[in-house]
Amino acid sequence: MALGATHIEPADTMESQDLKDLSEVLFTGDQIAARVAALGEYISQEYQGKNLVIIGVLKGVVLFLADLMREIRIPVQFDVVGASSYRSGKDAAPQVSITKDLDIDLHGKDVLILEDIYDTGRTLQVVYEMVKLYNPASIEVCALLYKTIPRERVMPVKYVGFEIGNVFVVGYGLDYKERYRNLRCIGVLNPEIYE
Ligand code: IMP
Ligand code: MG
């Protein structure tokens, strides 16, 4: 017989084993939810009467995308694009390639590109150029996290969830080697994990 529901501990009292790999929690699940709700409210006002299409950049954006969509009170469509970036060396500029193209017609639409984290901006730049080819009415960018590292920015970001320093973070969709995406919070990964 399968385990009955009464045998399963409620999710909010359960701690993920992966939490021990964080050196610091930057934003709790509740803080993220509050900020995403505020972003959704703001975007709903800004795009009132427009043809909003949200384009999420896989895979890190999936939790943010799903939560933000539910905070938007105006008609909205969404699609996802796949982009992968890799560096030939630690300090080399990342090479970005598109791994999944768009399915919906963007002609005349007001596109909001959604990303989990803005680091060098290379991924966004490539996605932006691709979206532009579809002749949308407008293109803006929203990033849940924005790394405030002093350097030249290749892309303007209009909507930002949280600003963070030069740290490597995981959780709420963000990964290290495909792990930690399921954490409710966002935290700094203990450097011992990747050193
Ligand atoms: P960018 O192209 O340098 O802006 O990098 C953006 C992508 O790199 C993001 O979509 C993430 O997948 C990944 N990335 C950058 N910084 C972090 C981090 O601190 N934690 C996890 N992934 C990151
Ligand atoms: Mg990643």
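A backbone N or O atom of Val169 lies 2.6 Å from a nitrogen atom of ligand 1. I start with that contact and work outwards. Taken alone, ligand 1 exposes 500 Å², and the protein buries 86% of that area. Keep in mind throughout that this is a predicted model.

Two further polar contacts go through side chains. Thr123 places a polar side-chain atom 2.5 Å from an oxygen atom of ligand 1. For Lys147, an N or O atom of the side chain is 2.9 Å from an oxygen atom of the ligand.

Now the shell as a whole. How many residues surround ligand 1? There are 15, and the closest are Asp116, Thr120, Gly121, Thr123 and Val169. So two residues from the contacts I have just listed, Thr123 and Val169, appear again among the closest. By class, the shell divides into seven charged, five nonpolar and three polar residues.

Where do these residues sit in the fold? Strand β5 and helix α3, which covers 122-132, each supply at least two residues of the shell. The largest share comes from β5, with three residues.

That brings me to the sheet, since β5 is also a pairing partner of strand β2. β5 runs over residues 110-118, and its pairing with β2 is parallel, over five bridges. Within that pairing, Gly56 has Leu114 of β5 as its bridge partner.

β2 has another partner, strand β3, residues 77-86. The sense is again parallel, this time over six bridges. Here Ile55 is bridged to Asp79 in β3.

Is β2 itself enclosed or open? Six of the seven residues in this strand, 52-58, are buried, so β2 is largely enclosed by the rest of the structure.

Last item, the cysteines. What does a search for disulfides return? Over the whole structure, it finds zero. For reference, a disulfide is a covalent bond between the sulfur atoms of two cysteines. Two cysteines have accessibility values worth listing. Cys142 has 0% relative accessibility and therefore counts as buried. Cys185 is at 9%, and because the cut-off for buried is under 20%, Cys185 counts as buried too.

To recap: the protein buries 86% of the area that ligand 1 exposes when taken alone, β5 gives the largest share of the shell, and β5 pairs in the parallel sense with β2, a strand that is largely enclosed by the rest of the structure. That is all I have.

Note on methods:
Residues are numbered from 1 along each chain as its sequence is written. Chains are lettered from A and ligands numbered from 1 in the order in which they are written. This is a predicted model: local features need pLDDT of at least 70, side-chain atom pairs count only at pLDDT 80 or more; totals for chains, interfaces and linings use all residues. Side-chain values use heavy atoms; hydrogens and water are left out. Buried means under 20% relative accessible area, exposed over 50%, partly exposed in between (1.4 Å probe, protein chains only). Helices (H or I, at least four residues) and strands (E, at least two) are DSSP runs, numbered from the N terminus. Two strands pair if DSSP finds at least two bridges between them. A residue is near a molecule or strand if one of its heavy atoms lies within 4 Å of it. A polar contact is a pair of N or O atoms within 3.5 Å; within protein, one must be able to donate a hydrogen and the other to accept it, and residues adjacent in sequence count only if both atoms are side-chain atoms. Accessible areas come from the Shrake-Rupley method with a 1.4 Å probe; for residues, only the protein chains shown count as cover. Ala, Val, Leu, Ile, Met, Phe, Trp, Tyr, Cys and Pro count as nonpolar, Asp, Glu, Lys and Arg as charged, and the others, Gly among them, as polar. A disulfide is a pair of cysteine sulfur atoms within 2.5 Å.
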